Amino acid sequence: SSKRQSRLRIMNAELALEEEKEAHVHYQQVTNKRIQELQEQNSRLVEENGRLQAELHSAGKLSDAHLLKEKEEKENDSEVLNKLNDVISVQTTTLNELREEYAELNMHSVKQSALILKLKAGLQDSVHSQKVLQARNDALCNELANLEARLAVYELNRPVAVLSERP
């Protein structure tokens, strides 16, 4: 009964660890996907920034008649660039936070692996103990069978006079 309870506890612990590990793997996949999306978005923003800077540069080469108009556009473009830089900064911060979370998840995964190894070692110890106890039980059963056989032989070889004295 206690062996069964022990096995059930070990099986429950292993099942809980497996479920937690699956949840961890899923969270890592979602985190990695989000990191990739942010990196792609960051790349697009960097390209857009470069394009806008090139446009601003070429706008500076236009004729004097267009300088005032271009100056206003440059100010607007500068505002857009500033906003894009703010977005890039926020995304970089988010990416760094995700990297920290990923590092924490990896640490948790290492701890889970260590716990799984401990459980496996405990299970192996339990199986070994069970084998030792079974061997002891078998030896005692053999010894009992030998004693019973010896008793039967003794009973058969006992003198008749002694048998009549039995109550």
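1. Surface. In this predicted model, the accessible surface of the protein comes to about 13200 Å². Carbon and sulfur atoms hold 56% of that area. Of the 167 residues, 14% count as buried.

2. Secondary structure. The protein has 3 helices and 0 strands. Read from the N terminus, the order of elements is α-α-α. Helix H1 covers 2-59 and helix H2 covers 67-157.

3. Contacts along the sequence. Take the contacts in the protein with a separation of 6 or more: 85% of them are between residues 24 or more positions apart. One pair that can be checked in the viewer is Asn-96 and Ile-35, which are 61 residues apart in sequence, with their C-alpha atoms 9.3 Å apart in space.

4. Nonpolar core. In soluble globular proteins, nonpolar side chains tend to be buried together. Here the largest nonpolar core has 6 residues, namely Leu-45, Leu-52, Leu-56, Leu-81, Leu-84 and Ile-88. Both H1 and H2 contribute to this core, with at least two residues each.

5. Leu-52. This core member touches Asp-77, Val-80, Leu-81 and Leu-84, once residues up to four places away in sequence are set aside. Leu-81 and Leu-84 are themselves listed in the core.

6. Asn-49. Is Asn-49 buried or exposed? Asn-49 has a relative accessible area of 13%, and because the cut-off for buried is under 20%, Asn-49 counts as buried. Asn-49 is found in helix H1. Leaving out residues up to four places away in sequence, Asn-49 touches Leu-81, Leu-84 and Asn-85. Two of these contacts, Leu-81 and Leu-84, also appear in the list for Leu-52.

7. Asn-96. This asparagine lies in helix H2. Its relative accessibility is 36%, so Asn-96 counts as partly exposed, the class between under 20% and over 50%.

8. Cavity. Rolling a probe the size of a water molecule over the atoms shows where empty space is left. How many cavities of 30 Å³ or more does a search of the whole structure find? The search finds 1. The largest cavity has a volume of about 30 Å³. Helix H1 and helix H2 are the elements that give two or more residues to its lining.

9. Cavity lining. Which residues line the largest cavity? They are Leu-38, Gln-39, Asn-42, Gln-91, Thr-92 and Leu-95. By class, this lining divides into 2 nonpolar, 4 polar and no charged residues.

10. The two helices together. Helices H1 and H2 each supply at least two residues of the largest nonpolar core, and they also give two or more residues to the lining of the largest cavity.

Terms used:
Residues are numbered from 1 along each chain as its sequence is written. This is a predicted model: local features need pLDDT of at least 70, side-chain atom pairs count only at pLDDT 80 or more; totals for chains, interfaces and linings use all residues. Side-chain values use heavy atoms; hydrogens and water are left out. On a 1 Å grid over the protein atoms alone, a cavity is a set of points where a 1.4 Å probe fits but cannot get out, and a pocket is an open set with protein on both sides within 12 Å along at least five of seven lines; lining residues have an atom within 4 Å of a point. Grid points are joined across faces, edges and corners, and a volume is the space filled by probe spheres set on the points. Helices (H or I, at least four residues) and strands (E, at least two) are DSSP runs, numbered from the N terminus. Ala, Val, Leu, Ile, Met, Phe, Trp, Tyr, Cys and Pro count as nonpolar, Asp, Glu, Lys and Arg as charged, and the others, Gly among them, as polar. Buried means under 20% relative accessible area, exposed over 50%, partly exposed in between (1.4 Å probe, protein chains only). Contact means heavy atoms within 4.5 Å. Accessible areas come from the Shrake-Rupley method with a 1.4 Å probe; for residues, only the protein chains shown count as cover. A nonpolar core is a set of buried Ala, Val, Leu, Ile, Met, Phe, Trp, Tyr and Cys residues joined through side-chain atoms within 4.5 Å.
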